[in-house]
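Biologist: Please take a close look at one part of this model, the empty space in and around the protein, and at what surrounds it. I would like one connected account that a first-year student can follow.

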Amino acid sequence: MLDRLQIIKQKFDEISDLIIQPDVIADQKRYVQLNKEYKDLKGLVEKREEYIKVTGNMAEAQEIIADGSDAEMVEMAKMELDAAKERLPQLEEEIKFMLIPKDPEDAKNVMVEIRAGTGGDEASIFAGDLYRMYTKYCENMGWRTSVVDISEGTSGGFKEVIFEVTGEDVYGTLKFEAGVHRVQRVPQTETQGRIHTSAATVMVLPEAEEFDVQIDMNDVRIDFFCSSGPGGQSVNTTKSAVRMTHIPTGLVAQCQDEKSQHKNKDKALVVLRSRLYEMELAKKQEEDAAKRNSQVSSGDRSAKIRTYNYPQGRVTDHRIGLTLYDLDGVMNGNVQKLIDELQLVNNTEKLKESEY
């Protein structure tokens with residue numbers, strides 16, 4: 001393990017020298033990539049230092065115990081040795097997980113798309129609940145959210161809502177949320193008190209940079225139309241909303257959130273680029289999942305991933321068989337426990353794969 005960590009330390013030192021070179025700073029794309037690499041390796045270099053310290057403490061304690069000339073020192077050395085022996089396997093496990101190659105997409109910002117599925121008005125209300133859950137979670141994480149496009153339901157909630165999330169390692173954290181979310185509860189519109197099952201689909205698209213996806217604007221049809229929904233006097237009077245259609249794939253992206261047509265056009269282009277990127281990524285994820293029989297990242301958007309059962313106050317993630325009896329907490333943005341477990345399963349799968 002130390003040999004591998006030594007190679008990482010050398011790479012870290014090289015990058016540390018590179019990111020202060022004027023020609024690297026001038027090349028924005030390279031600078032961003034190196035900075036990301038620097039951050040990823042920094043944690044491993046710190047763990048390497050701790051590993052060296054712990055193994056050094058063990059060797060030193062063993063020497064003192066073997067010498068045995070000072071009873072008080074021997075007692076202290078035994079305590080030191082016990083502490084080091086307890087810490088070392090934990091540390092080795094932490095380093096193993098950190099050595100798993102990260103997906104290059106994990107550091108990206110995302111576009112989250114939530115759509116009401118089966119269940120009529122109740123599905124729209126549930127889509128609104130999920131939107132609130134994710135925005136609260138993002139707020140807790142210190143991430144920024146910004147609405148791109150919205151289509152309101154007839155009895156509250158949303159038929160569809162698209163929003164951007166920017167921050168650190170956003171895609172790596174939220175990617176496991178993609179799929180069909182199911183709710184079981186008595187709808188507000190139900191007079192008989194019967195429990196209904198409704199659904200909403202969540203898509204999490206890594207936000208593609210210009211150098212990830214090249215779009216030929218000759219392949220894009222752009223339509224301008226009047227915004228609908230809340231927004232004051234400019235609604236339905238100025239054609240500020242923008243719809244873009246990518247003719248080769250038929251993909252459509254639109255934005256009507258900004259007052260300015262120019263800003264809406266920029267945002268719609270980001271969505272279109274991200275959808276094209278995600279199309280390629282979904283193919284790759286399906287291939288990877290087939291290779292490794294992955295539980296948590298199949299690339300299948302139609303897979304039912306989670307059920308929110310209101311009468312029992314429970315949330316069940318079907319991919320890993322995890323049930324939490326904390327529905328209120330989860331709906332108020334406490335999603336971290338679910339995400340932690342999904343990341344752990346995913347990393348364990350990758351670890352097994354790398355050991356074969």
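Modeller: What follows goes from the largest pocket to one helix in its lining, then to the enclosed space, and ends with one buried residue. The model is a predicted one.

Rolling a probe the size of a water molecule over the atoms shows where empty space is left. In this structure the largest pocket holds about 1,600 Å³ of space. It is lined by 47 residues, and those closest to its centre are K36, D40, K102, D103 and A107. Sorted by class, this lining has 20 charged, 16 nonpolar and eleven polar residues. Helix 3 gives the largest share of the lining, 13 residues. At least two residues each come from helix 1, helix 3, helix 4, helix 6 (170-174) and helix 9 (336-355).

Helix 1 can serve as an example from that list. It runs over residues 2-18, which makes 17 residues, and reaches 24 Å from its first C-alpha to its last, close to the 24 Å expected at 1.5 Å a residue. Four of its residues, L5, I8, F12 and I15, are buried. Viewed down the axis of helix 1, the buried residues fall within an arc of 75°, so they line one face of the helix. On the other side of helix 1, D3, I7 and E14 are exposed. The cover over the buried residues of helix 1 includes helix 3 (28-67) and helix 4 (71-98). Both of these helices also supply at least two residues of the lining of the largest pocket.

Next comes the space that a probe cannot leave. The count is one cavity of 30 Å³ or more. The largest cavity has a volume of about 40 Å³. Its lining consists of V112, Y134, C138, F163, V165, L174, E177 and V204. By class, seven of these are nonpolar, one is charged and none is polar. Helix 5 (120-141) and strand 3 (158-166) each provide at least two residues of this lining.

The last item is a single residue, D317, which lies in strand 10 (residues 314-317). Is D317 buried or exposed? With a relative accessible area of 0%, D317 is buried, because buried means under 20%. Leaving out residues up to four places away in sequence, D317 touches I305, R306, L322, L338 and L342.

Terms used: Residues numbered from 1 in each chain as written. Predicted model: local features only at pLDDT ≥ 70, side-chain atom pairs only at ≥ 80, totals over all residues. Heavy atoms only, no water. Expected span 1.5 Å × (residues − 1). Buried < 20%, exposed > 50% of the residue type's maximum accessible area, 1.4 Å probe, protein only. Arc of directions from axis to C-beta. Contact = heavy atoms within 4.5 Å. 1 Å grid on protein atoms, 1.4 Å probe; cavity = no way out; pocket = protein on both sides within 12 Å on 5 of 7 lines; lining within 4 Å. Points joined across faces, edges and corners; volume = space filled by probe spheres on them. Nonpolar A, V, L, I, M, F, W, Y, C, P; charged D, E, K, R; others polar.
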